[in-house]
Amino acid sequence: MILLDYIFNLAIFSLLVSTPLVTSSFFKHKSFKLARFWTSVYAGVVSVLLVILSFQQQGYSYDIRYAPVILMFVYLGPLAGLLTGLFSLLARLWTGGQWDPVLTGWGLLMLGFSIIYFYTKYLTVIKKIIIFFAGYCVIYGITVFTFKIFIDNPIFHLQYLLFVMLGVIIGALLIESYEKLHRLNNRLTDMYKLVEASESKYRLIAENTSDLILVLNDEQSVIYLSPSHESVLGYQGWEIERLEKYHLIHRDEVELFKNTIKWMLDNKEIQSIEFRMRHKDGRWIEVESRCVPVLGEDGAVENIVIISRDISERKQAEEILLRSEKLSIVGELAAGVAHEIRNPLTTIKGFMQLYKRGGSSIDDLLLSELNRIETITSQLLTLGKPQAVQLDRTNILELIKDTLELLAPEALMSNIQIKLDFEESSYYITCEKNQLKQVFLNILKNAMEAMKEGGEILVRLRKGPDDECIISIQDQGCGIPEELLPRLGEPFYTLKEKGTGLGLMISHKIIKQHHGSITFSSKEKAGTNVEIKFPSAS
């Protein structure tokens, strides 16, 4: 019967210890005001309940009320332990007799536990529990022998101490398990916060960068697309995922891309590649990509991170720089060659004029060819020779009208009509008149030469949105293939049989000096449109 009483006491004690620990795990663990005081009060209540559940043995009450007292001394110190012990003492005095051994034992235990605490406060919990329980056994033995309580029944006392020890062990195990779980939970919470913060930073970078970030798995399927794909390529992420593989890559560069990915999967090394990607509106964008393999635990490539950057503007800038350098070099060489040719050419031309025979078609042909050579050398000198430019505020409408008057006879002979369309009566820009007149003559002559069977040339003037003066010249000629348009203006590049390519080259140079721009749009058998923009004069 006594064994069942002890087991019942241990079960109730375990329930009372575990209940607040389990309950607190459902709430955020924060220290509250007077935590030690209220914990010791709760432990005192537990000891009171254990006293109530005690059993009587020849006028003495037995229970495991000192198990919570020992635990309070071990975990919270003498003040909490004394408060819990005071609850247990009052409950014991209220429920039974034999006050002398109870008061003596309680006093010795409180004094002994307080002394033990100061000598063991730097030890581990396990060592503290062993020493406190050993002290409890000694003081209990002193009390038993002093008041001669069941001296002839040592098994009873041994059984009692065993169950008190079990109570202390069970309580310590429950508290330590909770503390360990709490520490692990805190570590996990801190790790989650770090992961969330890290993920937030990377997401902030990925979602706000202009670079294209693409993550592929080992089967080259898309598992992540940065939002920048929409701003750079015009596609939503879900649209790209629905497209076929390599649909966005230029067909001439698909094999290059495949081979690069395959090489990277085999060699597990970072690779860089340049290729073209299709925009949603159909145009091609030059991108430079850095492909980084991500290795798994087995050393194989699990994912591939591809970071791409739009380098279209950089490519255009490089092309413009290369073209500018080419123009500069060609201009210098052309000027030098032209200067050397011009001197003997003047002598030859002079003698040809002196020895010209009347009515000789050969002499006329030779002189015309010499004049043509002289014209070419003059153009070459214009390229390389820096010219003093006198800029004046000019109404470009009047300048175009003057140019059209010069070309009117030639246009009439070629069955070509030139129409001038303008919205206002004046378009003022700052320019050198003769140079711009040369630009308009070059472009209009090219338009006329492209219209072998006659037609109409429309010259329009209008104001642009940024207060620019825009001149467009539209012909009805044979047109130019779109793939050849970027080469217009290159040194000695021409589409005419007897052309030199210098006319457009010089025109480009003049327009650039006037801070303007020139663009060509054309289709075969549909004519060509030349658009020139100049900043308006204030």
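**Exercise 1. A hairpin and its sheet**

How many residues lie between β3 and β4 in their hairpin, and which residue in the turn has a positive phi?

Before we solve this, a word on the model: it is predicted, so local features need pLDDT of at least 70 and side-chain atom pairs count only at pLDDT 80 or more, while totals for chains, interfaces and linings use all residues. Residues are numbered from 1 along each chain as its sequence is written, and side-chain values use heavy atoms, with hydrogens and water left out.

*Step 1.* Find the strands. Helices (H or I, at least four residues) and strands (E, at least two) are DSSP runs, numbered from the N terminus. Strand β3 covers residues 212–217, and β4 covers 222–225.

*Step 2.* Look at the turn. The hairpin has four residues between β3 and β4, and Gln220 in the turn has a positive phi of about 65°.

*Step 3.* Check the pairing. Two strands pair if DSSP finds at least two bridges between them. Here three bridges join β3 to β4, and the two run antiparallel. Leu214 stands opposite Leu225, and the bridge partner of Val215 is Tyr224.

*Step 4.* Zoom out to the sheet. It is open, with five strands in the order β4-β3-β7-β6-β5 and antiparallel pairing. Why do β4 and β5 each have one side without a neighbour in the sheet? They stand at the edges with a single partner strand each, so one side of each is left free of a neighbour. From one strand to the next, the twist averages 25°.

*Step 5.* Add the helix. Helix α10 (residues 254–267) lies across β5, β6 and β7, in contact (heavy atoms within 4.5 Å). Its direction is about 150° to β5; axes are lines fitted to C-alpha atoms, for helices over the stretch in contact, and angles run from 0 to 180 degrees between N-to-C directions.

**Exercise 2. Three helices that meet**

Describe how α3, α5 and α6 cross one another.

*Step 1.* Take α5 (residues 99–120) and α6 (residues 125–147): their axes come within 9 Å and cross at roughly 150°. Angles under 35 degrees count as roughly parallel, over 145 as roughly antiparallel, 65 to 115 as roughly perpendicular and the rest as oblique. So α5 and α6 are roughly antiparallel to each other. The contact includes Gly105, Leu108 and Gly112 of α5, along with Phe132, Gly135 and Ile139 of α6. By class, it has twelve nonpolar, six polar and two charged residues. Here Ala, Val, Leu, Ile, Met, Phe, Trp, Tyr, Cys and Pro count as nonpolar, Asp, Glu, Lys and Arg as charged, and the others, Gly among them, as polar.

*Step 2.* Now α3 (residues 66–76) and α5. Their axes come within 10 Å and cross at roughly 25°, so these two are roughly parallel. Tyr66, Val69, Ile70 and Phe73 make the contact from α3, and Phe113 is one of the residues on the α5 side. The contact divides into nine nonpolar, one polar and no charged residues.

*Step 3.* Finish with α3 and α6, whose axes come within 10 Å and cross at roughly 135°. That makes α3 oblique to α6. Among the contact residues are Val74 of α3 and Val125 of α6. Ten nonpolar, no polar and one charged residue take part.

**Exercise 3. An aromatic pair**

What kind of pair do Phe73 and Phe113 form?

*Step 1.* Know the rule. Rings of Phe, Tyr and Trp (its six-membered ring) pair if their centres lie within 6.5 Å; planes under 30 degrees apart count as stacked, over 60 as edge-to-face and the rest as tilted. The whole structure holds ten such pairs.

*Step 2.* Apply it. Phe73 and Phe113 are 5.2 Å apart centre to centre, with 65° between the planes, and the pair is edge-to-face.

*Step 3.* Place it in the chain. Phe73 sits in α3 and Phe113 in α5, 40 residues apart, and the pair links distant parts of the chain.

**Exercise 4. A second sheet**

Which strands stand at the edges of the sheet β9-β11-β12-β14-β13?

*Step 1.* This open sheet of five strands has mixed pairing. Its edge strands are β9 (416–422) and β13 (517–522), each pairing on one side only. The twist averages 15° from one strand to the next.

*Step 2.* Follow one edge. β13 pairs with β14 (residues 528–535) in the antiparallel sense over six bridges, and Ser521 has Asn529 as its bridge partner in β14.

*Step 3.* Add the helices. α13 (residues 396–413) packs on the sheet, touching β9, β11, β12 and β14. α14 (residues 433–449) lies across β9, β11, β12, β13 and β14, running at about 170° to β14.
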